[in-house]
Every structure is written in C-alpha cells, then in structure tokens.
Protein chains: 2
Amino acid sequence: MNKAAQLEASELLKNADVYPSYQRIMVLASLFESDEHPSADALFKQLGSNVPTISRATVYNTLNLLVDKGVIRSLHTAGAETHFDSVSETHGHFFCRKCKKIYDIPQQNTEVKHELDGHLVESQELVFTGLCKECRE
Amino acid sequence: MNKAAQLEASELLKNADVYPSYQRIMVLASLFESDEHPSADALFKQLGSNVPTISRATVYNTLNLLVDKGVIRSLHTAGAETHFDSVSETHGHFFCRKCKKIYDIPQQNTEVKHELDGHLVESQELVFTGLCKECRE
DNA sequence: TACTCTATTTAGATTAAATCTAAATTTAGA
DNA sequence: TCTAAATTTAGATTTAATCTAAATAGAGTA
C-alpha cells in the first residue's frame with residue numbers, strides 16, 4: 001500500500017535493468033517495508049493480502065534475480081531458510097539460535113574486497129551466531 | 001582407515017564431553033581427512049565404505065552435536081547444503097557460485113567478539129561469494 | 001553373569017525450503 | 001492486430017534435514 005516504497009522499488013528495478021512488473025515492484029516494496037529480514041516464504045505470505053494471485057515461484061524468482069543484480073542481499077544462517085535484506089550498505093548480522101531473529105550489526109573496518117586470492121568477490125556476509133539480548137536472560 | 005585421525009578425533013570428543021562412540025569417531029576423523037568442506041551427505045557417502053551400517057541420522061546428529069560443542073564449525077553459503085569445517089582457527093571462506101567449491105580465506109584483524117550490542121556471540125562466519133580463480137576464465 | 005537404565009544408532013518416513021514444469025498471461029515491436 | 005519474447009502462475013517435484021520408533025550398545029549394581 002505504501003506508494004513511496006513502490007516508487008523507490010520501481011526506480012531500483014529500472015536502474016538494475018529489470019523490467020518493473022507489478023509483482024516485482026510489490027515484492028521489493030514489501031521487502032522495504034519489513035524492517036526485519038524476511039524469508040521468501042514470509043514475504044510470500046505478507047504479499048498475499050495485497051497481491052492475491054502472486055505465486056511462490058514469482059517471489060523466489062524475483063528475490064534471486066535481485067540478489068544476482070546486487071539490488072538486495074541474501075542472508076545465510078544456521079536457520080533453515082534464506083533471508084533477505086534490502087539495505088545495501090555493508091553491515092553484519094547477528095542470528096539468535098533460540099528465537100531465530102536476525103539483528104543488524106554495524107560492521108567496522110568495512111574494507112570491501114573485490115578480489116581475494118585470485119577469486120572475484122561479488123559479495124560478502126558476516127554473520128554472528130549466539131543468544132540475543134532477550135534470550136540470554 | 002587413518003589411525004592418527006581417529007585417535008585425534010577420539011581425544012577431541014572426550015575433551016568436549018561427548019562419548020567417543022565408533023560412529024562419532026569415524027564421522028569426525030572422516031571430516032579431518034577431507035581437506036574440502038564436505039556437506040553432511042557427502043560425509044555420509046564417504047563414510048559408507050568404512051562404516052557400512054552408519055545411518056544418515058547419526059551423521060547429522062554427530063555433526064550438529066559437534067557444532068554445538070564448538071568442536072567443528074558449520075558453514076552457510078548460497079548453496080543449498082550446510083558444509084562443515086574441522087579447522088578451529090578463525091578464518092573466512094570463499095564460495096564460488098559456479099562450481100560451488102569452498103576455499104579457505106585467511107582472516108585479517110581476527111578480533112573474536114564475545115558480545116555485540118548485548119548479544120552473546122558464540123561463533124562467527126565470514127563468507128565471500130563470487131567466481132573463483134578457476135571459474136573466472 | 002544377570003539385570004536394569006540410559007545413551008546411541010538405525011532405517012525409513014516425514015517435513016519443508018526451494019526449484020521445476022508446462023500452460024497462461026502480459027509486454028513490446030513490427 | 002499479429003507475433004515473439006518475457007513474465008507469471010499453480011501445482012508437482014526435488015532434496016537437505018529432521019523425526020520416529022525400534023534395535024543395539026554401554027554403564028552401573030548386585
């Protein structure tokens with residue numbers, strides 16, 4: 001429903017050379033609006049009310065495409081699902097093994113590498129795992 | 001078959017307060033012997049010839065137990081499977097999105113954090129993704 | 001040794017995240 | 001409008017990982 005998020009999504013899609021279909025706009029805008037780090041399935045369910053006919057495959061396809069294009073980031077933790085992050089500034093994440101929540105962690109000395117031992121680096125992920133503030137008690 | 005690896009595995013299990021059953025010793029020794037970063041299923045298949053009756057569940061249970069105990073590390077990449085690493089020194093990994101191989105990356109300024117924004121940090125993972133040396137060409 | 005309780009392992013069924021497939025729909029260009 | 005390419009859809013399929021219930025192995029006691 002957030003028009004601003006949809007406009008921003010549309011712009012980002014165009015800039016990434018991805019046709020801004022209604023479904024893609026809604027997937028990306030929906031990711032913007034959730035300040036958590038939703039999984040593909042969580043997004044699919046969240047989208048259900050706004051885009052009743054959207055299919056799971058479209059959500060997965062769109063998210064994977066946008067990761068490839070560098071528009072969003074994928075997050076791989078000890079949890080079963082892949083999560084997605086719309087924020088492009090480099091930062092780390094903390095994964096709570098108990099409540100499964102993911103927290104943003106400001107990343108120090110963020111020297112982004114483009115090559116490493118001869119390998120071409122396209123992205124990097126720093127993930128901490130443990131017990132979050134809430135679950136420690 | 002490697003007796004030395006089995007002895008080392010047995011010692012590590014005892015130190016971690018885990019009963020060193022034949023199967024657990026073989027799983028850990030098998031992980032030592034593979035210089036790659038095998039998935040649970042790859043280990044299961046590799047073990048097949050030495051421990052014909054070992055079950056998938058035992059391999060998964062053992063690996064998960066050892067991750068919990070801090071004896072080994074789990075690796076979460078853009079690939080579907082979880083991989084495992086027997087090396088305990090902190091280091092990063094590079095995941096090739098084409099050939100799916102995982103390379104060790106020496107990790108600079110390895111200041112291991114134990115707390116972060118109030119969260120209790122138990123482990124950390126640094127994973128780079130891209131095209132490896134071989135696949136770039 | 002015999003008995004009991006607990007820990008571990010096993011084979012196969014089950015779950016669930018993610019992908020695949022083939023048909024339907026939408027879009028862009030002639 | 002017509003055609004070809006791109007996108008979406010619903011549901012089937014795949015597969016990594018977990019779960020279940022029974023079998024086996026180990027430890028402690030008499």
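**Two protein chains and two DNA strands: a walk through the contacts**

Let me begin at the DNA, with the surface near strand D, where α2 (22-33) and α4 (56-68) of chain A, together with α4 (56-68) of chain B, each supply at least two residues. I should say at once that this is a predicted model, and I will keep my wording to what was computed from it. Within that surface α4(B) gives the most, with 3 residues. In total 16 residues surround DNA strand D, and the closest of them are Ser21(A), Gln23(A), Thr53(A), Thr58(A) and Thr82(B). Sorted by class, the residues near strand D divide into 7 nonpolar, 7 polar and 2 charged.

Which part of DNA strand D comes within 4 Å of the protein, its bases or its sugar and phosphate? Of the strand D atoms within that distance, 85% belong to sugar or phosphate, and the rest belong to bases. Some individual contacts can be put beside that figure. A polar backbone atom of Thr53(A) is 2.9 Å from a phosphate oxygen of strand D, and a backbone N or O atom of Ser55(A) lies 3.2 Å from a phosphate oxygen of that strand. With Gln23(A) the side chain is involved, since one of its polar atoms lies 2.8 Å from a sugar or linking oxygen of strand D.

Turning now to DNA strand C, we find 16 residues around it, the closest being Thr82(A), Ser21(B), Gln23(B), Arg24(B) and Thr53(B). Sugar and phosphate account for 85% of the strand C atoms that come within 4 Å of the protein. Here α4 of chain A, along with α2 (22-33) and α4 of chain B, each supply at least two residues of the nearby surface, and α4(A) gives the most, with 3 residues. As for particular contacts, an N or O atom in the side chain of Asn64(A) is 3.1 Å from a phosphate oxygen of strand C, while chain B contributes a side-chain N or O atom of Thr58(B) at 3.0 Å from a phosphate oxygen and a backbone N or O atom of Thr53(B), also 3.0 Å from a phosphate oxygen.

Next, the interface between the two protein chains.

The contact takes 31 residues from chain A and 31 residues from chain B, and between them the chains bury about 2,800 Å², 51% of it on carbon and sulfur atoms. His119(B), Phe128(B) and Arg136(B) supply 20% of the area that chain B buries against chain A, more than any other three residues.

There are 16 residue pairs in polar contact between chain B and chain A. On the chain B side, β4 (102-106), β5 (115-116), β6 (119-131) and α5 (133-136) each supply at least two residues, with β6(B) giving the most, at 13 residues. By class, the side of chain B that touches chain A has 13 nonpolar, 9 polar and 9 charged residues.

How does strand β6 of chain A run relative to β6(B), to which it is joined? The two run antiparallel, and 11 bridges join them; in one of these pairings, Val121(A) has Gly130(B) as its bridge partner.

Finally, the salt bridges, of which there are 10 over all chains, and 4 across the interface of chain B and chain A. Glu122(A) and Arg97(B) meet in a salt bridge through their side chains, at 2.7 Å from N to O. Elsewhere, Lys14(A) forms a salt bridge with Glu11(A), the closest N and O atoms being 3.6 Å apart; these two residues are separated by about one helical turn because they are 3 residues apart in helix α1 of chain A.

Definitions and conventions. Residues are numbered from 1 along each chain as its sequence is written. Chains are lettered from A and ligands numbered from 1 in the order in which they are written. This is a predicted model: local features need pLDDT of at least 70, side-chain atom pairs count only at pLDDT 80 or more; totals for chains, interfaces and linings use all residues. Side-chain values use heavy atoms; hydrogens and water are left out. Contact means heavy atoms within 4.5 Å. Buried area is the accessible area (1.4 Å probe) that two parts lose on being put together, summed over both. A polar contact is a pair of N or O atoms within 3.5 Å; within protein, one must be able to donate a hydrogen and the other to accept it, and residues adjacent in sequence count only if both atoms are side-chain atoms. Helices (H or I, at least four residues) and strands (E, at least two) are DSSP runs, numbered from the N terminus. Ala, Val, Leu, Ile, Met, Phe, Trp, Tyr, Cys and Pro count as nonpolar, Asp, Glu, Lys and Arg as charged, and the others, Gly among them, as polar. Two strands pair if DSSP finds at least two bridges between them. A residue is near a molecule or strand if one of its heavy atoms lies within 4 Å of it.
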